[in-house]
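Trainee: I'd like a close look at one part of this model. Please walk me through the charged pairs, and then set them beside the other contacts and surfaces.

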Amino acid sequence: MKKLNLTKTSRRSFLTYGFVIAAYIILQAVSAGGAMSPLLKGMLVPICAYVVMAISLNLTVGILGELSLGHAGFMSVGAFMGVTAAISLQNAIPSPALRLAAALVVGALFAGIMGFLIGIPVLRLNGDYLAIVTLAFGEIIKAIFNNFYLGLDSHGFHMSLLQDNTHLEPDGRLIIAGPMGIGRIQKIASYTAGVILILICLIIIFNLVNSRAGRAIMAIRDNRIAAESVGIPITKYKMMAFVTSAAMAGAAGALFALNYSTVVANKFDFNTSILVLVFVVLGGLGNMLGSIIAAAALTILPEALRQFADYRMLVYAIVLILVMLVRNNPTIKSFFERFRFGKKGGAEE
Amino acid sequence: MSFLNSLISGISLGSIYAIIALGYTMVYGIAKMLNFAHGDVIMVGAYICFFATSRFGLPPLLGVLLAVIVCTVLGMTIEKLAYAPLRSAPSLAVLITAIGVSYFLQNAALLLWTPNPKVFPNFFARTVLTPEGAVFEKTGVELFGGALRISYVTLVTILVNVVIMIALTAFTGNTKMGKAMRACSEDKDAARLMGISVNTTISVTFAIGSGLAAIAGVLFMSAYPNLVPTTGSMPGIKAFTAAVFGGIGSIPGAFLGGLLLGVIEIFAKTYISTQLSDAIVFAVLIIVLLVKPTGLLGRQIREKV
C-alpha cells in the first residue's frame with residue numbers, strides 16, 4: 001500500500017476507483033455464486049456507509065487538517081431526514097431505487113445545511129478547541145433527535161420537541177418518535193447503491209483535492225498564516241471542505257438507516273464518531289484508499305472475531321493499540337522505508 | 001430553597017467533574033495529549049473500591065486507598081506501555097491509542113466484572129434510632145425544618161475537592177517535582193536541558209491524575225450508585241468538556257470549569273428540561289469558547305510565523 005504513494009495523484013485516484021469497482025465485481029460474483037455467508041451479506045450496506053463516513057471525515061481531518069469528534073452528528077441528521085423523506089415520498093415515488101436516491105439527496109442536503117450552520121462558529125476555533133466543539137455539537141444533535149417528534153398527515157408535517165404534541169389526524173403517521181426513533185422503515189438500501197455513493201463521493205473528493213480550491217484547502221492545513229498572507233480566504237475554503245464532508249456523512253447516514261427497520265438517535269453517538277476517526281487514522285491521513293480499506297476491514301473484524309466470543313472486543317482493542325504502536329515505531333518505519341523505491345511519498349502528517 | 005438545593009447539588013456534581021478534569025488538564029498540559037482512557041480509569045477505581053468493601057469487607061477508607069493505589073499503578077502502566085513509545089508520533093496517533101486503551105479497559109471490565117450493574121454502597125449513611133424506636137438510614141443533614149437537604153456525600157465531595165485543589169496548588173507551586181511539571185509544560189526541550197527527567201515527570205503526572213480519578217470514581221458512585229463497565233465514559237466526556245471550558249492545561253481552570261459545568265447541568269435539569277440538560281451544557285460550552293476561544297482561564301497562545 002505504501003508503494004502507491006509514489007505514483008502521481010491521478011494514478012492513485014484511478015487505483016482507488018479501480019479498487020472499489022473490483023471489490024464490487026468480486027463480491028457480486030461471490031454473492032451470485034452463493035458462496036457468501038449471510039453475515040457478510042448483511043454487512044455490505046453498513047460497510048458502504050462506514051466507508052463513505054471514513055472518506056468524508058478524511059476530507060476534514062486529512063485534507064483540511066481539523067480534528068472533528070462529532071462526525072456521527074451529521075450521519076444522524078442525514079439518517080433521520082433521509083428516512084423521513086423516504087417515508088414521505090412512499091406514494092409519490094413508487095420505485096425504491098429512485099426513492100433511495102431522493103432520500104440520500106435529502107439526507108446530504110440537510111446534513112450540509114447543518115454543517116454550514118455548525119461551521120460558522122466551529123471554524124473560528126483551532127486545534128483541540130475546535131475538536132471539543134464538534135464533540136459538543138454531536139452530543140447536542142443526539143439530544144435533540146432523542147426528544148424530537150415529527151408526524152405527517154393530510155395537513156402536512158407537524159413537529160414538536162420534548163413531548164409528542166403533533167396531534168395528527170387519524171390517517172397521519174408519527175415518523176420520528178423521540179427516543180424511539182423511526183420504526184417500520186422499508187429497507188430499500190442496496191449494496192449497489194452504496195458502491196455508487198462511494199464512487200460519487202470519491203469523484204467529488206478527488207476533483208476537489210486536485211482543484212484550485214483543494215490546493216487552497218491543503219495550503220491552509222500546512223500553514224494557515226502563510227496561506228492567509230498570500231490572500232487565500234481561510235473561512236471560505238475551510239467551510240467548503242467542512243460542508244462537503246458533512247453532506248457526504250449525511251448521505252452515508254441515510255444509506256445506513258435505510259438498511260435497518262428502526263433507527264434511534266443513540267446509534268450515532270460519540271463512540272460512532274470515534275469509530276470513524278479510527279478508520280481515518282489507521283488508513284492514513286489524506287489517503288482515501290487507506291480509509292476505504294480500514295473502514296471495511298475494521299467493520300468486518302469484530303464479526304470475524306466471533307469465534308473469540310466474549311473476547312472479541314478486547315482483541316479488537318489490543319489490535320488497535322498494537323497497530324498504532326507498530327505503525328509509529330521508528331525502527332519498523334525505517335525498515336519499510338528501505339523498500340520504497342526512489343523518492344519519498346506520503347500524505348501523512 | 002429549591003434554588004439553594006440545586007446550587008449545592010450542582011457544586012457537588014461539579015466538584016466530581018473538577019477532580020476528573022484535573023487528570024485531563026494536567027496530562028494535557030505536560031504530555032500535550034488527550035487521554036481518552038481517563039474516564040475508564042474512574043470506572044476501574046470504582047470497581048476496585050466496590051469489591052474491596054462489599055466482597056472483602058474492608059473498611060471504606062481502606063477500600064478508597066486500595067482503589068487509589070491500583071489506579072495509580074494502572075495509570076503509570078498504561079503510560080509506559082501505550083503512550084511512552086509514541087512520544088514523537090503525531091498527536092492523532094496518540095489519540096487513537098488512547099481510544100484503544102479506553103476500549104481495552106471497558107471490555108476487560110466487561111469480562112472481569114460482567115455487564116450486570118452493581119449497586120455501590122453508600123459509605124456515608126448512618127443508621128439512626130428514632131425516639132419511637134424505628135431504625136432508619138440517615139444519609140444527610142436537614143436544615144430549615146427539612147426545606148434544605150444536604151447529603152453527607154455532597155458535603156464530603158465538596159470538602160475533598162477543596163482539599164485536593166489546595167494540595168495540588170501547593171504541590172505544583174512549591175515542590176521540586178511540581179516545578180519540574182510546570183517546566184515541562186512550558187518547554188519540554190528546555191526542561192530536558194536543565195536536567196529534568198521528562199519521562200519521570202510525565203509518569204508522575206499520570207500517577208497523580210489516575211489516583212485522583214479513583215477518588216472521583218468513588219465519590220461519583222456514592223452519589224449515583226449504578227456501577228457498570230461504561231460508567232466512566234459520560235463523566236469522562238463531561239470532565240473533558242469542563243477542562244476545556246476552564247482552559248485546558250490550567251489547574252484553576254479545571255476547578256472553575258468543573259464547578260460551573262456541574263452547576264449549569266443541575267440548573268438545566270431543575271429549571272429547563274431533564275432530557276435536554278446535556279445539550280444545554282454543551283451549548284453553554286460552545287458559547288463560552290466562541291467568546292473566549294481558549295477557555296475561561298486558558299492562556300492566550302500567540303501565533304508565530
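Mentor: What follows takes the salt bridges in turn, then a nonpolar patch and a helix pair. Keep in mind that this is a predicted model.

Start with the principle. Side chains of opposite charge can pair when their charged atoms come close. Over all chains, the count comes to nine salt bridges.

Take Glu79(B) as the centre of the close look. Glu79(B) is buried, at a relative accessible area of 0%. That label follows because buried means under 20%. Two basic side chains reach this residue. Arg87(B) meets Glu79(B) in a salt bridge, 2.2 Å from N to O. Lys80(B) also forms a salt bridge with Glu79(B), and here the closest N and O atoms are 3.5 Å apart. Both distances qualify because the cut-off for a salt bridge is within 4 Å. Now check the cover on the basic partners. Arg87(B) has a relative accessible area of 31%, so this residue is partly exposed. Lys80(B) comes to 47% and counts as partly exposed too. The acid is buried, whereas Arg87(B) and Lys80(B) are partly exposed.

Chain B holds another charged group. Lys238(B), Glu265(B), Lys269(B) and Asp278(B) are joined into one network by salt bridges that share partners.

Move to chain A. Arg221(A) and Asp222(A) form a salt bridge, with the closest N and O atoms 3.1 Å apart. Arg221(A) is partly exposed, at 30% relative accessible area. Asp222(A) is exposed, at 55%. The acid of this pair is exposed, whereas Glu79(B) is buried.

Next, the nonpolar side of chain B. A surface patch of about 660 Å² is built from Phe56(B), Leu58(B), Leu62(B), Leu65(B), Leu66(B), Ile69(B) and Val73(B). One of these, Leu66(B), sits in helix H3 of chain B, residues 60-83. Leu66(B) has 37% relative accessibility and therefore counts as partly exposed. That value can enter a patch because the rule asks for over 30%.

Last, the helix pair in chain A. Two packed helices are described by the angle between their axes and the distance between the axes. Helix H1 (residues 9-32) of chain A packs against helix H11 (residues 288-304) of chain A at about 25°, with the axes 9 Å apart. H1(A) and H11(A) are therefore roughly parallel. H1(A) brings Leu15(A), Thr16(A), Phe19(A) and Val20(A) to the contact, and H11(A) brings Leu289(A), Ile292(A) and Ile293(A).

How values were computed: Residues numbered from 1 in each chain as written. Chains lettered and ligands numbered in written order. Predicted model: local features only at pLDDT ≥ 70, side-chain atom pairs only at ≥ 80, totals over all residues. Heavy atoms only, no water. Patch = residues over 30% accessible without salt bridge, like charges linked within 9 Å, V, L, I, M, F, W, Y side chains within 5 Å. Areas by Shrake-Rupley, 256 points an atom, 1.4 Å probe, with all protein chains shown as cover. Salt bridge = Lys/Arg side-chain N within 4 Å of Asp/Glu carboxyl O. Helix = DSSP H or I, 4+ residues; strand = E, 2+ residues; numbered from the N terminus. Buried < 20%, exposed > 50% of the residue type's maximum accessible area, 1.4 Å probe, protein only. Axes fitted to C-alpha atoms, helices over the stretch in contact; angles between N-to-C directions. Parallel < 35°, antiparallel > 145°, perpendicular 65-115°, else oblique. Contact = heavy atoms within 4.5 Å.
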